[in-house]
Amino acid sequence: MTYADIETLQEEVDQSRILRRTVDYAVGDESIQATSDAYRHAWPRKLNGMLILTLNNWPEMRPDSKVWMSATEANALGDATAGGFMGDAVFTVHNIVPQNGKIQFRLNIAFGQPLPLIVDFWVIHFI
């Protein structure tokens, strides 16, 4: 499989669903301020195989943002509130790349048929 063979999809971040907090951390005598985002995105169609996914419209996202994420089969297609499902499929996240205003990542859904997908993000933007 080559890079050109991988399906590439883009979606918009739902700004109303981002949980954002600004915190101050004390490190010795110094203070570090950061903004933390938590966000769950439900993809609107079923997917499988190796994919390159991009979420746009995330203004706080920068190349130096620190991102942790997970992916799982969704209980309901397109519903970020329905939660995940532990089925037979293996979901793996690869190559998380924060960029200015968006985030791109590679995802593999190892299953023979398309499945509903939710991805969860925890992001720290140091100020």
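Let me start with one pairing: Glu12 has Asn56 in S4 as its bridge partner. This is a predicted model, so please keep that in mind throughout.

That pair belongs to a longer contact. Strand S1, residues 7-12, runs parallel to S4, and six bridges join them. S4 also pairs with strand S8, residues 102-110, this time antiparallel and over seven bridges. One of the residues involved is Met50, whose bridge partner in S8 is Asn108.

How many of the eight residues of S4 are buried? Six are, so this strand, residues 49-56, is largely enclosed by the rest of the structure.

Now the charged side chains. The count of salt bridges comes to five. I will go through three.

Glu7 and Arg45 form a salt bridge at 2.5 Å, N to O. Glu7 is in strand S1 and Arg45 is in the loop between S3 and S4, so the pair ties together parts 38 residues apart in sequence. Glu7 is partly exposed at 33% relative accessible area, and Arg45 is partly exposed at 40%.

Next, Asp37 and Arg20, with their closest N and O atoms 2.8 Å apart. Asp37 sits in strand S3 and Arg20 in strand S2, 17 residues apart. Is Asp37 buried or exposed? Its relative accessibility is 0%, so Asp37 counts as buried. Arg20 is partly exposed, at 28%.

The third is Arg40 with Asp120, at 2.6 Å, N to O. Arg40 lies in S3 and Asp120 in strand S9, so this salt bridge ties together parts 80 residues apart in sequence. Arg40 is partly exposed at 25%, as is Asp120 at 22%.

Finally, shared partners in salt bridges join Arg20, Asp37 and Glu60 into one network.

Note on methods. Residues numbered from 1 in each chain as written. Predicted model: local features only at pLDDT ≥ 70, side-chain atom pairs only at ≥ 80, totals over all residues. Heavy atoms only, no water. Buried < 20%, exposed > 50% of the residue type's maximum accessible area, 1.4 Å probe, protein only. Helix = DSSP H or I, 4+ residues; strand = E, 2+ residues; numbered from the N terminus. Pairing = 2+ DSSP bridges. Salt bridge = Lys/Arg side-chain N within 4 Å of Asp/Glu carboxyl O.
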